[in-house]
Amino acid sequence: MILQLALGVITAIGGFLDAGAIAASALAGALFGYQLIWVVLLGTCCVVLLTEMSGRLAAVSHHTVADAVRERLGFHYFAFPLATELVQDVLVVAAEIGGIAIALHLATGFDYRLFVPIIALVLWALLWFGNFSLIENGVAFLGLVAVAYVIGPFLVDTPWREVAMGAIPSLPLDDRTQYWLLAVSIIGSVLEPFLLNFYASGAVEEKWTVKQLGMNRAVAVLGMSFGALISIGIIVLAALTLGRRGIHVDSFEQAVLTLVAPFGEWGLSLFAATLGIACLGAASDVSLNMAYAVSQGFGWNWSENLKPREDARFASVYTVAIALAALVVLFVDPLGLTMIAMALNAVIAPLVVFPLLILMNDRMYLREYTNGPIANVLVIVVIALACIVGLVALPLEIMGG
Amino acid sequence: MRRVVLLSWIAVVCAVAGCGPASKTAHDAREASRSWAATVTTVTEQWAQSRVSQRFTRTMLDAASTDLHRQLDSVRTLDPELAGSIARLTRAIEPVLAAVERNEPAVAREGASGLMRLVDPAPSEEPRDAAPDAGGPRR
């Protein structure tokens with residue numbers, strides 16, 4: 001039980017941390033010090049709430065979010081969020097492949113584009129030949145290297161009182177457009193729509209039942225909170241090492257300096273490992289989620305634990321998605337792509353969250369485990385927040401560049 | 001929040017209509033050149049202290065040169081004065097990169113020490129502390 005919980009927590013950390021979280025947090029710390037920590041905390045509360053619900057839906061009804069939305073609201077309703085999420089997910093996979101390529105570029109000095117085809121092939125092979133447990137637990141376990149960002153602030157002279165003040169919302173004196181753009185990007189990097197269906201699909205793959213409801217809650221709270229701690233660690237180290245010197249994060253290379261201060265010559269290796277492994281975990285999760293969502297939507301066979309010949313259309317979806325994503329990243333700067341993908345996450349979040357509210361109140365699916373009034377109010381608040389963030393995300397992206 | 005939404009949509013209309021991106025391009029280029037000057041100064045200092053490898057220092061300086069050339073192209077006709085400042089910075093990074101390639105940390109550090117003055121003579125914008133663990137929020 002403890003091992004299962006630990007693996008779940010590690011997996012949740014892996015789901016939380018990716019190229020977007022690293023880029024948005026590093027930018028936030030470099031430009032606004034600790035002022036955006038409250039956004040990470042707010043996003044974490046939202047994502048804890050939503051992942052717990054999607055896990056509960058899967059454990060009680062043995063339905064994933066995509067599966068239940070199609071069944072409950074009809075294919076016509078399901079088709080639009082599915083289409084937008086697929087486009088969005090391809091961009092996210094492209095950003096993650098870009099992140100891995102940059103990590104290898106940092107480690108070797110070669111042009112990152114050289115690594116893109118190899119990474120795409122390795123990612124595809126991992127999904128084609130691996131099973132769910134290997135992908136989730138293996139890659140996520142390696143992702144523990146990101147704990148360097150939690151330890152790092154204790155090794156430098158961190159002003160903890162100022163860090164704590166970052167939990168209270170405050171506005172900067174200037175560059176407010178940039179501030180809100182980063183706030184939206186952080187929310188987008190935390191509240192990733194794919195996470196809900198992926199988490200539920202994982203629960204169905206692992207055959208969760210109502211007996212796992214306690215563990216589901218613990219995994220959602222502990223895993224996402226640890227993920228948030230890592231994001232806050234990145235913000236703190238970026239503020240300390242980049243912000244004071246006037247260094248922005250114009251490229252991932254500059255973000256390496258966040259770990260050089262606490263870890264010296266190990267900083268580069270730790271950063272490259274953190275970025276590469278976090279992005280590999282996220283790329284495999286998002287690619288799989290595309291296959292899950294399409295297969296569940298069309299009623300095809302689906303499971304990462306089946307051989308590709310047993311669910312050929314499921315395997316075809318991630319194969320095509322990875323190829324498309326690799327093409328995108330060959331032509332677009334990975335950091336810019338990451339920031340656009342994070343803003344788009346925020347745009348489509350309401351489309352994915354709203355149906356969850358309907359499902360979580362349906363006794364046909366949840367039996368006696370439906371949402372209580374407090375949970376419903378909280379989800380409505382999250383939907384309202386997601387709508388506001390979604391409305392302003394693209395205009396801010398254009399204004400803030 | 002309605003104001004933010006309204007302003008955001010006005011900005012979309014302006015952006016679509018092609019209003020006012022020129023000043024933003026110049027602003028972004030100025031900010032990027034300051035950031036890269038600070039980056040090169042910092043990473044060269046870190047290399048001189050053996051805290052980062054020679055290869056990483058070269059990678060970072062290459063990235064700085066590449067991005068500064070891009071920034072230079074974006075403002076060449078828009079703001080010749082700024083373009084001149086970025087061109088001077090780009091030229092000043094070349095001997096630093098050459099010193100890194102020759103494995104001469106002291107020469108590289110000396111070459112990088114004057115970069116901030118090229119992009120912004122105001123002392124408030126210079127790095128406040130060269131110590132590796134110094135810092136805090138800028139705003």
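Helices, here and below, are DSSP runs of H or I with at least four residues, numbered from the N terminus. One such run in this predicted model is helix H4 of chain A, residues 65-73, which includes Val69(A).

**Figure 1. Val69(A) in helix H4 of chain A, with its contacts from elsewhere in the chain.** Val69(A) has a relative accessible area of 6% and is therefore buried. Residues up to four places away in sequence are set aside in this view; beyond them, Val69(A) touches Gly74(A), Tyr77(A), Phe78(A), Pro355(A) and Leu359(A). Pro355(A) stands 286 residues from Val69(A) along the chain, yet the two C-alpha atoms are separated by 6.5 Å.

**Figure 2. Helix H17 of chain A, residues 334-359.** The helix comprises 26 residues and reaches 36 Å from its first C-alpha to its last, which is close to the 38 Å expected at 1.5 Å a residue. At the start of H17(A), the backbone nitrogen of Gly336(A) has a side-chain oxygen of Asp333(A) within 3.0 Å. Further along, H17(A) has a kink of about 40° at Ile348(A), shortly before the proline Pro350(A). Most of H17(A) is covered, with 19 of its 26 residues buried.

**Figure 3. Gln296(A) in helix H15 of chain A, residues 266-298.** Gln296(A) counts as buried because its relative accessibility is 2%, below the 20% limit for that class. With neighbours within four places in sequence left aside, Gln296(A) is in contact with Thr64(A), Ala66(A), Asp67(A) and Arg70(A), and also with Asn197(A), Ser201(A) and Trp302(A).

**Figure 4. Ser201(A) in helix H11 of chain A, residues 193-205.** The relative accessibility of Ser201(A) is 0%, so this residue counts as buried. A polar atom of the Ser201(A) side chain lies 2.7 Å from the backbone oxygen of Asn197(A). Apart from neighbours within four places in sequence, Ser201(A) is in contact with Thr64(A), Tyr292(A), Gln296(A) and Trp302(A). Thr64(A) and Trp302(A) are also among the contacts of Gln296(A), the residue of the preceding view.

**Figure 5. Lys207(A) in the loop between H11 and H12 of chain A.** Helix H12, on the other side of this loop, spans residues 213-241. Lys207(A) is not a glycine, although its phi is positive, at about 55°. Its relative accessible area is 67%, so Lys207(A) is exposed.

**Figure 6. Leu36(A) in the largest nonpolar core.** This core has 188 residues, and Leu36(A), Phe271(A) and Leu288(A) are those with the most contacts inside it. Beyond neighbours within four places in sequence, Leu36(A) is in contact with Ala28(A), Tyr179(A), Leu182(A), Ala183(A), Ile186(A) and Ile235(A).

**Figure 7. Gln71(B) in helix H3 of chain B, residues 54-75.** Gln71(B) is buried, because its relative accessible area is 10%. Its contacts, without neighbours within four places in sequence, are with Asp28(B), Ala29(B), Ala32(B) and Ile86(B). The C-alpha atoms of Gln71(B) and Thr90(B) are separated by 10 Å, and the two residues are 19 apart along the chain.

**Figure 8. Asn103(B) in the loop between H4 and H5 of chain B.** The flanking helices are H4, residues 80-101, and H5, residues 105-112. Asn103(B) is a residue other than glycine with a positive phi, near 60°. Asn103(B) counts as partly exposed, because its relative accessibility is 46%.

**Figure 9. Chain B, its helices and the confidence of its prediction.** Chain B contains six helices and zero strands, following the pattern α-α-α-α-α-α along the sequence. Of its 139 residues, 44% count as buried. Among contacts in chain B between residues at least 6 apart in sequence, 69% join residues at least 24 apart. The pLDDT of chain B averages 78, and 71% of the residues score at least 70. Residues 15-19 of chain B have a pLDDT below 50, and this stretch has two contacts in the model beyond near neighbours in sequence. The pLDDT is also below 50 over residues 123-139 of chain B, a stretch with 51 contacts beyond near neighbours in sequence. Where pLDDT is low, predicted coordinates should not be read in detail. The model scores ipTM 0.80 and pTM 0.87.

Conventions
Residues numbered from 1 in each chain as written. Chains lettered and ligands numbered in written order. Predicted model: local features only at pLDDT ≥ 70, side-chain atom pairs only at ≥ 80, totals over all residues. Heavy atoms only, no water. Helix = DSSP H or I, 4+ residues; strand = E, 2+ residues; numbered from the N terminus. Expected span 1.5 Å × (residues − 1). Bend = angle between axes of the 7 residues up to and from the residue. Buried < 20%, exposed > 50% of the residue type's maximum accessible area, 1.4 Å probe, protein only. Polar contact = N/O pair within 3.5 Å; in protein donor to acceptor, adjacent residues only side chain to side chain. Contact = heavy atoms within 4.5 Å. pLDDT = per-residue confidence, 0-100. Core = buried A, V, L, I, M, F, W, Y, C linked by side-chain atoms within 4.5 Å.
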